[in-house]
Amino acid sequence: MNNIQLSVVHRLPQSYRWLSGFAGIKVEPIPLPGNDEDNNLIGLKLLSHEGEFARQVMHQLTDALEDIQVKAAIVEIDGEPCLFVHREDESATLCCLKNIGAAIAESVTALYPF
């Protein structure tokens, strides 16, 4: 069974940057995305898995991103592994994840009320 095809990924609502001195290891939220493209990150969290199983799936996702030369890091946020990529790689990342079978949970904004 392919774990990725059973995975649902959600983009964290905040922007992040590497914590000073901990690039690739720790992140901190930033209030507004800045002009520092090298330190402007988005985070992705699995909604479908938790714990050790989530870590395994995150490593599979990281491997898939590595195949298209997108740098990604797994960092724990609130006890769960999250995948962080540079903001400029967001579109390529989401496209890659969709292509390997992961579902992307999108925020729904009501443009037209029902």
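A residue counts as buried when its relative accessible area is under 20%, and as exposed when that area is over 50%. Keep those two cut-offs in mind. The model shown here is predicted.

Start with helix α2, which covers residues 90-99. Its buried residues are Glu90, Thr93, Leu94, Cys96 and Leu97. Look down the axis of α2: these buried residues fall within an arc of 160°, so they line one face of the helix. The other side of α2 looks outward, with Ser91 and Asn99 exposed there. What does the buried face pack against? The buried residues of α2 pack against β1, β3, α1, β5 and β6. Just past the helix comes glycine 101. Its phi is positive, near 105°.

Now turn to helix α1, residues 51-67. First, check its length. The helix has 17 residues, and at 1.5 Å a residue it should span 24 Å. Its end C-alpha atoms lie 25 Å apart, which agrees.

Which residues of α1 are buried? They are Ala54, Val57, Met58, Leu61, Thr62, Ala64 and Leu65. Seen down the axis of α1, they fall within an arc of 160°, so they too line one face of their helix. The face turned away from this buried side carries the exposed residues Glu52, Glu66 and Asp67. The cover over the buried residues includes four strands, β1, β3, β4 and β5, and also helix α2.

Next, follow the chain out of α1. Isoleucine 68 sits in the loop between α1 and β4. Is this residue buried, exposed or in between? Its relative accessible area is 41%. That value is not under 20% and not over 50%, so isoleucine 68 is partly exposed. Isoleucine 68 also links back to α2. Leaving out residues up to four places away in sequence, it touches Ala92 and Cys96. Ala92 is 24 residues away along the chain, and the two C-alpha atoms are separated by 8.5 Å. Cys96 is one of the buried residues of α2. Glutamine 69 also follows α1, and its phi is positive, near 65°.

Finally, go back to serine 7, in the segment before β1. Its relative accessible area is 1%. The cut-off for buried is under 20%, so serine 7 is buried. What surrounds it? Setting aside neighbours within four places in sequence, serine 7 is in contact with Leu46, Ser48, His49, Val57, Ala102 and Ala103. Val57 is one of the buried residues of α1.

Technical notes:
Residues numbered from 1 in each chain as written. Predicted model: local features only at pLDDT ≥ 70, side-chain atom pairs only at ≥ 80, totals over all residues. Heavy atoms only, no water. Helix = DSSP H or I, 4+ residues; strand = E, 2+ residues; numbered from the N terminus. Buried < 20%, exposed > 50% of the residue type's maximum accessible area, 1.4 Å probe, protein only. Contact = heavy atoms within 4.5 Å. Expected span 1.5 Å × (residues − 1). Arc of directions from axis to C-beta.
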